[in-house]
Amino acid sequence: MLRIEGLTKTYKTGDRALSDVSFEVPQGQVVGLIGPSGAGKSTLIRCINRLVEPTSGNVLLNDMNLPMMRTAELRRARRRIGMIFQEYALVERLTVMENVLSGRLGYVGFWRSFMRRYPAADIANAFRLLDRVGLLQHADKRADALSGGQRQRVGIARALAQDPELLLIDEPTASLDPKTSRQIMRLIVEICRERGLPAIINIHDVVLAQQFSDRIIGLQAGRVVFDGPPSGLTEGVLTQIYGEEDWTAMRNGAAEDAEAEAEDKAQAEKMLRAL
Ligand SMILES: Nc1ncnc2c1ncn2[C@@H]1O[C@H](COP(=O)(O)OP(=O)(O)OP(=O)(O)O)[C@@H](O)[C@H]1O
């Protein structure tokens with residue numbers, strides 16, 4: 001379980017990015033973190049794994065209190081937090097398998113990993129993970145030979161190779177088309193359920209967040225202004241989170257995307273029928 005208590009961050013510039021943020025995420029729960037640009041979503045994710053130093057507050061992950069930790073202890077704690085990134089952050093010239101095994105870097109000594117001599121158990125586990133994310137037959141391919149969706153699957157398998165107790169996921173679908181985005185979100189949710197992993201997903205796409213998250217947390221100017229089930233995201237709440245103008249623009253954009261996707265689908269079906 002993840003517990004955040006009174007988390008506050010003021011940058012040196014004086015920007016107050018988070019103000020007294022508190023919530024708990026139980027095992028297996030997927031939280032969609034939404035909010036307008038500058039609301040503090042990235043800062044929150046970075047404060048949890050201490051890539052950004054919180055000004056005050058606690059971040060408790062099971063038995064660990066991250067803000068209290070010193071360097072060596074923090075390094076050990078970080079390997080228990082799996083990160084999944086928008087741009088995948090793979091080593092492009094390495095194989096899919098090597099990228100997944102790099103999730104073990106925090107556990108395997110430097111020379112052993114440099115020589116790429118991972119323990120047999122790690123390799124067997126990496127094969128299982130590749131199978132789980134549907135990439136077993138691509139294990140020996142270079143990462144740069146994969147599609148965006150496949151790369152994100154490698155990113156997911158790499159995060160799981162860490163044997164994490166929490167997943168922090170930053171815009172996992174921002175570089176993907178709508179169909180692949182849904183497949184990736186579905187995979188993440190299924191995996192969190194299977195492993196009882198709590199997850200926080202920073203996500204711009206409100207429809208996707210609603211469709212796949214167990215719970216939504218809405219940030220506005222560094223404060224939690226909504227915390228509840230996806231069904232609670234009414235027009236009124238969304239207007240409160242995003243402001244009238246931005247929410248209307250986002251809603252219209254989402255409707256246009258859905259229309260374009262339906263048109264593409266109809267076109268493809270027409271072409272198939274003509275064959
Ligand atoms: N390194 C930094 N130094 C100073 N201020 C920062 C820094 N990073 C973020 N901020 C400020 O903190 C606030 C929150 O920014 P943050 O990037 O966390 O928002 P966000 O919700 O992730 O936005 P976006 O969706 O655009 O990525 C903003 O006012 C931003 O300008």
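In the predicted model, helix α6 covers residues 148–161, and because a rise of 1.5 Å a residue gives its 14 residues an expected span of 20 Å, the separation of 20 Å between its end C-alpha atoms agrees with that expectation. Eleven of the 14 residues of α6 are buried, so the helix is largely enclosed by the rest of the structure. The buried residues comprise R151, Q152, R153, V154, G155, I156, A157, R158, A159, L160 and A161, and the elements that cover them include the strands β6 (81–84) and β7 (166–170) together with the helices α3 (96–101), α5 (120–132) and α7 (178–195). Just after α6, D163 adopts a positive phi of about 60°.

Helix α10, which spans residues 244–274, offers a second case for the same comparison: at 1.5 Å a residue its 31 residues should extend over 45 Å, and its end C-alpha atoms are indeed 45 Å apart, which agrees. The surroundings of α10 can be described from its burial count, since the number of buried residues among its 31 is zero, so this helix lies largely in the open.

Six strands form an open sheet of mixed pairing, in the order β6-β7-β8-β3-β9-β10. The edge positions are taken by β6 and β10, each of which pairs on one side only, and the twist from one strand to the next averages 20°. At the β6 edge, β6 and β7 are joined in the parallel sense by four bridges, with I81 standing opposite L166 in β7. Helix α9 (residues 235–242) packs on the sheet, where it touches β3, β9 and β10, and its direction makes about 160° with that of β10.

Further along the order of strands, β3 (residues 30–34) pairs with β9 (residues 215–220) in the parallel sense, again over four bridges, and G32 stands opposite I216 in β9. Strand β9 is in turn joined to β10 (residues 223–228) by five bridges, these two strands running antiparallel, and Q220 stands opposite R223 in β10. Two residues lie between the strands in the hairpin of β9 and β10, where A221 takes a positive phi near 45°.

The residues around the ligand are Y11, T13, D15, A17, G35, S37, G38, A39, G40, K41, S42 and T43. Helix α1 (residues 41–48) gives the most to this shell, contributing three residues. By residue class, the shell around the ligand divides into three nonpolar, seven polar and two charged residues.

A further position examined was P67, which lies in the loop between β5 (64–65) and α2 (71–78). Because P67 has 18 C-beta neighbours inside 10 Å, whereas 20 or more would be required for a buried residue, this proline counts as partly exposed. When neighbours within four places in sequence are left aside, P67 is in contact with R50, P54, G57, N58 and V59. The C-alpha atom of P67 is also separated by 8.5 Å from that of C47, a residue 20 positions away along the chain.

Notes. Residues are numbered from 1 along each chain as its sequence is written. This is a predicted model: local features need pLDDT of at least 70, side-chain atom pairs count only at pLDDT 80 or more; totals for chains, interfaces and linings use all residues. Two strands pair if DSSP finds at least two bridges between them. The expected span of a helix is 1.5 Å times one less than its number of residues. A residue is buried if 20 or more other C-beta atoms lie within 10 Å of its own, exposed if 12 or fewer, and partly exposed in between; C-beta atoms are placed from the backbone. Two residues are in contact if their C-beta atoms, placed from the backbone, lie within 7 Å. Axes are lines fitted to C-alpha atoms, for helices over the stretch in contact, and angles run from 0 to 180 degrees between N-to-C directions. A residue is near a molecule or strand if its C-beta atom, placed from the backbone, lies within 6 Å of it. Ala, Val, Leu, Ile, Met, Phe, Trp, Tyr, Cys and Pro count as nonpolar, Asp, Glu, Lys and Arg as charged, and the others, Gly among them, as polar.
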